[in-house]
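Me: I have just opened a structure that is new to me, and I would like to learn how to read its features. Could you walk me through them?

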Amino acid sequence: VFEEPTVRRSRLRESFILSVDVGTTSIRCHVYDKEAKIRGSCITKVVPLYPEVGHVEMDPDALWRGFITVVKGAVQDAGIQMRQIEALGISTQRGTFTTWDRTTGVPFHNFISWQDQRAADLVKSWNRSCTMKALQGVMKVVYFLTRQKRSLAASLIVFSTQHVTFRLVWALTHYEQVYENNCCFGTIDTWLLFKLTKGGSGSCEWPLPMSTICFESSIVIYNLSSGLHFIQSMFGECCFDVGDVKITMGTGTFMDINTGNKPHTSVAGLYPLVGWKIGSEVVYLAEGNAADTGTAIKWAQELELFSDVQETTAMAYSVSDSDGVCFVPSFSGLQAPLNDPKACASFMGLKPSTTKSHLVRAILESVAFRNKQLYDTMLRETHIPITKIRVDGGVSSNDFIMQLTADLFGRKVARPQHHEMSCLGAAFVAGLGIGFWRTRDELKKLQSTDEVFLPRGIPREGAYSPSGEYIPVLQSWERALRRSMHWYNKP
């Protein structure tokens, strides 16, 4: 296509932000312009490895190749040159780690995923140890004397397999080379920064200069200190105010509430997290998660319950209910508020009359039911008035789940036009860091038009209560949850 020289020169003077989201099942990269519009994209799959029951791994070299592929592919798709990229934002999954040789950069083993359950027995032994019981006992006494909630939380603290520490202990006992002096340990963001800076990330301050060896151009790297793709999606959703709630539904569900300048002390398994730090301001979040949201839907597709994910909403609405079938989405155990790593995934209530549509509806309902469980826990624990609820992630494209979630919450739930908020959030952080965008108010004006799901129920005191039809269904599902718990405990 012929292009006027002045137009071409103007286009080459444009600058952009590059953003990469390394998820559990895919790596995606977008090029964003000043209006936060996507100008180019590229995506590649991440192939999880399951060497043993309960073990979930990723190949570090394949992950690195995928990272390079999507970055170059997105820039090419945008029709721009690498020198027009002003900064790179990186968004990664939390709790997935590896170890590698500092000198050669060669990994000692595959990434051990945040979904991995290999340390379950070690976690159980620690939770039952005399040390833990003594700690909990002391903190109960402290709570009795002080009535401080943090003391109560400490008296109830338990470890889980999602804590990196125990999986690292497992690696230390099974991989001899990890004991070498040159050993580095890090999560995916650390590994990528090591590769991008040729091992220089340990001695640099933010921002980091990216190695020109990778992309033939020097680019500034920005990353949230936590490297969490769901926190960055919170930033991408512009949930900047106390009481803002963001739900990311991808491979897992991550529900976060902005708690302001104070970390939340939880007694039911919510995580207090640093959301972001800009200047002297630190914003904290409280988070609950369910590990197997997209995993359950992908599993159902592989069983050929449906051929295209887009069919599932219509299938769920084609039947009036699930025919009494309940699905427990716990391939990786149950997280807050039940916190049972030994729970199993299960279908219950199957009958000769059960069809594929009933099974699909039960699976989709289970996603919304877990949302309701996390939401109720968040309300009960934080006592923070909810200001808005925004949902993103691939699973949020399912209208049945979105509407049922709104019904169960009794609140309006908003879905952005583009569901990939992790990339946008990383781009926003990088853009603010270099002055590409100036203020958070400017970012709010760039938000895309939302699709809103309003609750269908009985209005009560400004909110809605779920209609009676789902109360017995939810109770049956909770009974199925309890029966699935402790399934993998050794007799």
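Me: Which element gives the most to the lining of the second largest pocket?

Reply: Helix α3 does, with four residues. Keep in mind as we go that this is a predicted model. Alongside α3 (120–127), both α5 (149–156) and β13 (271–278) supply at least two residues each to that lining.

Me: How much space lies in the second largest pocket, and which residues are closest to its centre?

Reply: The second largest pocket holds about 950 Å³ of space. Its lining counts 41 residues, and I157, V158, F159, S160 and N339 are the closest to the centre. Sorted by class, the lining of this pocket has 19 nonpolar, 18 polar and four charged residues.

Me: Now to cavities. How many of 30 Å³ or more does a search of the whole structure find?

Reply: The search finds two. The largest cavity has a volume of about 210 Å³, and the second largest contains about 40 Å³ of space.

Me: What lines the largest cavity?

Reply: Its lining is made of 20 residues, and those nearest the centre are A36, H418, M421, L424 and S448. Helix α14 (residues 421–434) contributes the most to this lining, with three residues. By class, 10 of the lining residues are nonpolar, five are polar and five are charged.

Me: And which residues line the second largest cavity?

Reply: You can pick them out one by one: T253, A290, D292, T293, P329, V367, R370 and N371. Here helix α12 (residues 356–382) gives the most, with three residues. The classes in this lining are three nonpolar, three polar and two charged.

Me: T253 makes me curious about strands. How do I read one, say β11: is it buried or exposed?

Reply: Go through its residues in turn. All six of the six residues in strand β11 (residues 244–249) are buried, so the strand is largely enclosed by the rest of the structure. Then look at which way the residues point: D244, K246 and T248 go one way, V245, I247 and M249 go the other way, and all are buried.

Me: Which strands pair with β11, and in what sense?

Reply: Strand β17 (residues 388–392) pairs with β11 in the parallel sense over five bridges. To find one of these partners, start at T248 and look across to D392 in β17. Strand β12 (residues 253–260) pairs with β11 in the antiparallel sense, also over five bridges. On that side, M249 has T253 of β12 as its bridge partner. The two strands β11 and β12 form a hairpin, with three residues between them. T253 is also one of the residues lining the second largest cavity.

Me: What should I look at when two aromatic rings come together?

Reply: A pair of aromatic rings is described by two things, the distance of the centres and the angle of the planes. In this structure the count comes to 24 aromatic pairs. Take F327 and F347: the ring centres are 4.8 Å apart and the planes are at 50 degrees, so the pair is tilted. This pair links distant parts of the chain, with F327 in strand β15 (residues 326–328) and F347 in strand β16 (residues 346–348), 20 residues apart.

Me: Why does F327 count as buried, and why does F347 count as partly exposed?

Reply: The cut-off for buried is under 20% relative accessible area. F327 counts as buried because its relative accessibility is 1%. F347 counts as partly exposed because its value is 23%.

Me: Which rings form a cluster, and where do charged ends sit over rings?

Reply: W100, F111, W191 and F194 are linked into a cluster by ring pairs. For the charges, look first at K34, whose charged end sits over the ring of F436, 4.5 Å from the ring centre. Then turn to R440, whose charged end sits over the ring of F240, 5.7 Å from that centre.

Me: One last residue: where is F67 found?

Reply: F67 is found in helix α2 (residues 60–78). With 0% relative accessibility, F67 counts as buried. Try finding V22 as well: F67 and V22 are 45 residues apart along the chain, and their C-alpha atoms are separated by 7.9 Å.

Methods: Residues numbered from 1 in each chain as written. Predicted model: local features only at pLDDT ≥ 70, side-chain atom pairs only at ≥ 80, totals over all residues. Heavy atoms only, no water. 1 Å grid on protein atoms, 1.4 Å probe; cavity = no way out; pocket = protein on both sides within 12 Å on 5 of 7 lines; lining within 4 Å. Points joined across faces, edges and corners; volume = space filled by probe spheres on them. Nonpolar A, V, L, I, M, F, W, Y, C, P; charged D, E, K, R; others polar. Phe/Tyr/Trp six-rings, centres within 6.5 Å; stacked < 30°, edge-to-face > 60°. Buried < 20%, exposed > 50% of the residue type's maximum accessible area, 1.4 Å probe, protein only. Lys NZ or Arg CZ within 6 Å of the ring centre and 35° of its normal. Pairing = 2+ DSSP bridges.
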